[in-house]
Amino acid sequence: MGSTPFRVPPPTLQLCERGRSLRGQGSPRTMTESSKPILYSYFRSSCSWRVRIALALKSIDYEMVTVNLIKDGGQQFSEEFQALNPMKQVPALKIDGITIGQSLAIIEYLEETRPTPRLLPQDPKKRAHVRMISDLIASGIQPLQNLSVLKQVGQEKQLSWAQQVISSGFNALERILQSTAGKYCVGDEVSMADLCLVPQVANADRYKVDLTPYPTISRINKSLLTLEAFQVSHPCRQPDTPPELRA
Amino acid sequence: MVTVNLIKDGGQQFSEEFQALNPMKQVPALKIDGITIGQSLAIIEYLEETRPTPRLLPQDPKKRAHVRMISDLIASGIQPLQNLSVLKQVGQEKQLSWAQQVISSGFNALERILQSTAGKYCVGDEVSMADLCLVPQVANADRYKVDLTPYPTISRINKSLLTLEAFQVSHPCRQPDTPPELRA
C-alpha cells in the first residue's frame, strides 16, 4: 500500500492515497476537492481499526490521513488536528460535509447512510446485545488502557494496569457471549460488536494477557480474522505501519 | 427499581446474584421485554427503538451522529476514567486530582464541540441522548470540585435541562436509596 501524497503534505499530517483506489495514480488533487470520505487513523489505534473494518465491509472507498500518536509529541495535539477534532483523538471521519469523532458514532452513521451490508441486526433485542457488547469494550475496557491513561499510570505500573483492565472486561464479556454468541458475537452475522472485539483482542495480545480463560472470545476472534475486511484493515498492513511491524 | 449499593457490603454489584444478572457487575442494568441489558447507552437506544415517542435521537442522520459523538465522548471518554473502580486503583491520595484532570480534559473538548452543535440543548433545540449524558457528568464535575468557568456552554445547557421534570425526578437526591443527609 503506497503512502505517496499528491501534494505537499501539511506540516504534521500526511495524506495517503490507498492503493485500492479505482482512479489512476498521479493526478494532483487537493484535499478540499476530494469527494471521498477522509479517515484520520493511526495504524495501531484499536478504535481506528474498528472504523477501518466497517469501511472495508461496506466497500466504502476513502482516503486516509495518518496521525502519529507518538511522533512530535503526538500529532493529535497539533493545532491543525485539534481544529478538526477537539477530542484530539483518532479516529475521525470527514464525510458528507461533517466530521465525526468516536468510533461507534462513526459506525452508526455509516450504518444509517450506507446500510448494506448490515452491521446491526434488524431485531431490537439483538441490536441491544450488539450495542451492549460494543459499549462494554469501547467504554469499559479500551479507554482504561489507552495511551493517555497509561501515561498517567506511569511506566512501572502500565503493564499490570492494562492486564487487569482487559482481564476484568474479558471476564464479563466471555460470560455475556455465552448467551449471545453464534458464529460471531451476536448470532451468526458479523456486527459492530465483532468490529470492537478483534482490535481489543489484539490489545490483549500486546499486553500479554492470557486468553485461556476466554475460549469464546478466542474462537470468534480467530473466525473474524479469516475475513478479508479484518485483514485489509489490520494494523500490520496500514500506510503508517513501521517496517518492523509490517506483515 | 432495585437499588444496588456500590459501597455497602464491599459493593453489592459483586454479589453472585447481581453477577448472574449482569456479568459486567455494573449499574445500570434494565430487565425489559424478557431480556437484560447493561450499558446505559445500549439501554437508551433500545428504549428509543421500542418506545419511540418522544424522540431521544433526531431524525437527521448527521444530527444523530453528533448526538452519539457527544454521548460517547462522555460515556467512553470521561466517565469510565473517573468511575469508582478506577478511582480505587488510582488510590486515595491521587483520586481528586485524577478525577479533575479527566473531567477537565473531556470538558475542554466538549465545550468546543458544543460551539458548533448546540442550540438550546447539546444538539439543536430538542432534548437528546447527549443531554442525558451531560447533566450527570456535570454533577460528577461538581462532586470533584471542577471549576466550570471555562465551560459556559456546558453550564448553560446543564442549567436549562435541570429545570425539566424528567431531570428532577431522576436526580440522585430524590431516589429510594438516597441517604438522608443527601436527600433534597
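This short talk is about how the two domains of chain A meet in a predicted model.

Hi everyone! Let's begin with the layout. Chain A is split into domain 1, residues 38-115, and domain 2, residues 124-233. If you take the C-alpha centre of each of these domains of chain A, the two centres are 20 Å apart.

Now, how many residues of each domain are in contact with the other? On the domain 1 side of chain A there are 16, and they touch 21 residues of domain 2. Between them, domain 1 and domain 2 of chain A bury about 1700 Å², and carbon and sulfur atoms give 68% of that area. Which three residues supply the most of what domain 1 buries against domain 2? They are A:Trp49, A:Arg50 and A:Leu104, and together they supply 35% of the area from domain 1 of chain A.

Next, the polar side of the story. There is one salt bridge between domain 1 and domain 2 of chain A. You can look for a salt bridge where the side chains of A:Glu108 and A:Arg131 meet, at 2.7 Å from N to O. The two domains of chain A also have four residue pairs in polar contact, with both residues at pLDDT 80 or more.

So which helices should you look at on the domain 1 side? Helix 1 (46-57) and helix 3 (103-113) of chain A each supply at least two residues of the side that touches domain 2. Helix 1 of chain A gives the most to that side of domain 1, with nine residues. Sorted by type, the residues on this side of domain 1 of chain A are 10 nonpolar, two polar and four charged.

Thanks for listening!

Note on methods. Residues numbered from 1 in each chain as written. Chains lettered and ligands numbered in written order. Predicted model: local features only at pLDDT ≥ 70, side-chain atom pairs only at ≥ 80, totals over all residues. Heavy atoms only, no water. Domains from an automatic or database assignment. Contact = heavy atoms within 4.5 Å. Buried area = accessible area lost by both parts, 1.4 Å probe. Salt bridge = Lys/Arg side-chain N within 4 Å of Asp/Glu carboxyl O. Polar contact = N/O pair within 3.5 Å; in protein donor to acceptor, adjacent residues only side chain to side chain. Helix = DSSP H or I, 4+ residues; strand = E, 2+ residues; numbered from the N terminus. Nonpolar A, V, L, I, M, F, W, Y, C, P; charged D, E, K, R; others polar.
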